[in-house]
Amino acid sequence: MTVLKCGAFFALGCFLSYYLGLSCTVTTLVVFGVYLATGGWRFTWVVINTLPRDLKALQVLIKLKLQTKKYIANETTIADLFSKTAAKYPNKDCILFEKQKWTYRDVEIYVNRVANYFQEEGYQKGDVVALLMENRPEYVCFWLGLSKIGAVAALINYNLRNQPLAHSVKAAESKGIVFAGDMSLALEEIMPSLSRDLKLYCIGSMASSGISPIYMDPILQKSPDFPPRKVRVKFTDKLFYVFTSGTTGLPKAAIISHSRFNYMTVAVNQFMNLTDEDVLYDCLPLYHTAGGVIGVGQMIIAGTTLVIKKKFSASRFWDDCVEYKCTAGQYIGEICRYLLAQPVKPAETQHKVRVMFGNGLKPQIWAEFQKRFGVAQMGEFYGATEGNCNTINPDNRVGAVGFTTMIAPALYPITLIKIDERTGEHIRDRNGVCIRAKPGEPGELVGKIVKGDALREFDGYVNKQATDKKVCSDVFRKGDQAFLTGDILIMDEFGYFYFRDRTGDTFRWKGENVSTNEVEAVISNIIKLNDAVVYGVEIPGLEGRAGMATIVDETNSLDLDHLHSALQKSLPAYAKPLFIRIKKSVDTTGTFKLKKVDLRKEGFDPSIVKDPLYCLISGKYQPITEQVYNDICSGKIRL
């Protein structure tokens, strides 16, 4: 159709110019006028509104492509980029943590000591070492040091316990594990299920005496602080693993390559205009992409001073920003809501934070947040940890999580494809190619995989089967492949994306992806019943979806107190179901996915659901009455 239109306009131009003898200027104006009158005004309006944005994006894309090509040719690594930054700013504050100040020289010395120790211990390129500790400067130093010798760190979620924790260590095929002393009890619990050959390394003092690790603090003080023996590491090689929940159940080890780390970091840096004069407040977990890649990356690549906290504190957030003179900050949607819920205090307007970036900020509180706290720019971004669909909202478009160009979409091939929301299947045309969603229509976000292009590759997971499940064929055209994000978005006429929902068996709560299959497995092991269906339900005014479990209990034998106690030991707080629904039976005529869709729609409203409903309030599952339901929805009962 596009080709026919172009041909028709060309023919019109020829007729006006050659047969009627009109000048080039008049011919051009007439053809353009006809173009506008026949519907071209829509595209023209899009170009007028998005050209500045798209030109900035093109500039960033060209820079990244040239930079990536250079780094691949020179076999540059993230550790090399940090060493270059450290050489440029040796005495500059690199990491601020509690009362500690680490300069770039301090960090480089510690990193070299880590690298030399593990190299002398016989660790080689490709060996995996798991990291299990809360946020602290040493966390970054360990994975940077390991990367210098080609070893790969596995960034373990420190909230995990029991089977999920053991699974993460084993899934990464870890040869050793470095843990903070306060994690020793959690580690001791899973030692019987781990390999006897797994080497244990501890920093700090231990709370448990049931394991015998190597204590790293005195060893690293004596370790050489010069660079280790050079190991050939490519820019496209693995840097570390980040664990992500998905539709297959337990956490999966997603591969973060040096090139991907750089790409994600530089893109945010360029769009948010961060420099070496900025101080970035990073209170997000360093085992996650947002805090551990995009946040830490600014310190490594741009010379930005990084402030890290053990955990987020709503009451201390703005006080910290004032104390550390922060000019930039990170968030997840929950953080913004928690900050708005805090009493007004002087520090919230005395800070110098000009930009904050993250994901999950709800449109309903976006403007209120900026107005109250005086943050000039909110940089909402979208990026699956393991995927190739990263995008960002660079111009404060309320509610948008990113964009794609409508002028030249082939430059950055990400799009939305139609999906049957009840079955989860992609809708295809008669040729078997996926049908793209039009502006205003929901669709799953996908990114075209281009082999040999470091920016378009899909690095995937350690587990090949898990990788294959995230790849779809015949998406843009017959024979191609694309990465499936598992997220449903909507795009407007200007190419801005708006998040709508998760697909499959994963939902997001408190900034974390929760695998329903994992929670279902834990519940089934606890209650010894055949059916336990877990899904996410929306709570008015809260971000994401809260966990809800429907459990079949034909004999009225379910002990909710025992269930809660066991869940506390087996699941992190964000994965525990807040709501319980008890049924005598479930519909077995449909597929399991269909059951979840229906249950999710019914939610926890007692006026709709006639089965017994319970909510986790004050550490106990309590019945949901009409009054309790109303109090939850109004925020009187805070979850």
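These notes look at one sheet with a helix across it, and then at a single glutamine, in a model that is predicted.

1. The sheet is open and has five strands, which follow one another in the order β24-β25-β26-β27-β28, and the pairing within this sheet is mixed. Its edge strands are β24, covering 532-537, and β28, covering 620-623, each of which pairs on one side only. On average, and with direction ignored, neighbouring strands of this sheet are turned by 25° against each other.

2. As general background, strands of a sheet pair through backbone hydrogen bonds, and they do so in either a parallel or an antiparallel way. In this sheet, strand β26 (residues 579-583) and strand β27 (residues 613-617) are paired in the antiparallel sense, over three bridges. To find this pairing in the structure, one may start from Arg-581, whose bridge partner in β27 is Leu-613.

3. Helix α16, made of residues 516-527, lies across two strands of the sheet, namely β24 and β25 (546-552), and the helix runs at about 140° to β24.

4. Gln-377 belongs to another strand, β14, which spans residues 377-382. Gln-377 has a relative accessible area of 16%, and because a residue under 20% counts as buried, Gln-377 is buried.

5. What does the side chain of Gln-377 reach at 2.8 Å? The side chain of Gln-377 reaches the backbone oxygen of Pro-394 at that distance. When its neighbours within four places in sequence are left aside, the residues in contact with Gln-377 include Phe-271, Met-272, Arg-354, Val-355 and Met-356, as well as Gln-370, Pro-394 and Asn-396.

How values were computed:
Residues numbered from 1 in each chain as written. Predicted model: local features only at pLDDT ≥ 70, side-chain atom pairs only at ≥ 80, totals over all residues. Heavy atoms only, no water. Pairing = 2+ DSSP bridges. Helix = DSSP H or I, 4+ residues; strand = E, 2+ residues; numbered from the N terminus. Axes fitted to C-alpha atoms, helices over the stretch in contact; angles between N-to-C directions. Contact = heavy atoms within 4.5 Å. Buried < 20%, exposed > 50% of the residue type's maximum accessible area, 1.4 Å probe, protein only. Polar contact = N/O pair within 3.5 Å; in protein donor to acceptor, adjacent residues only side chain to side chain.
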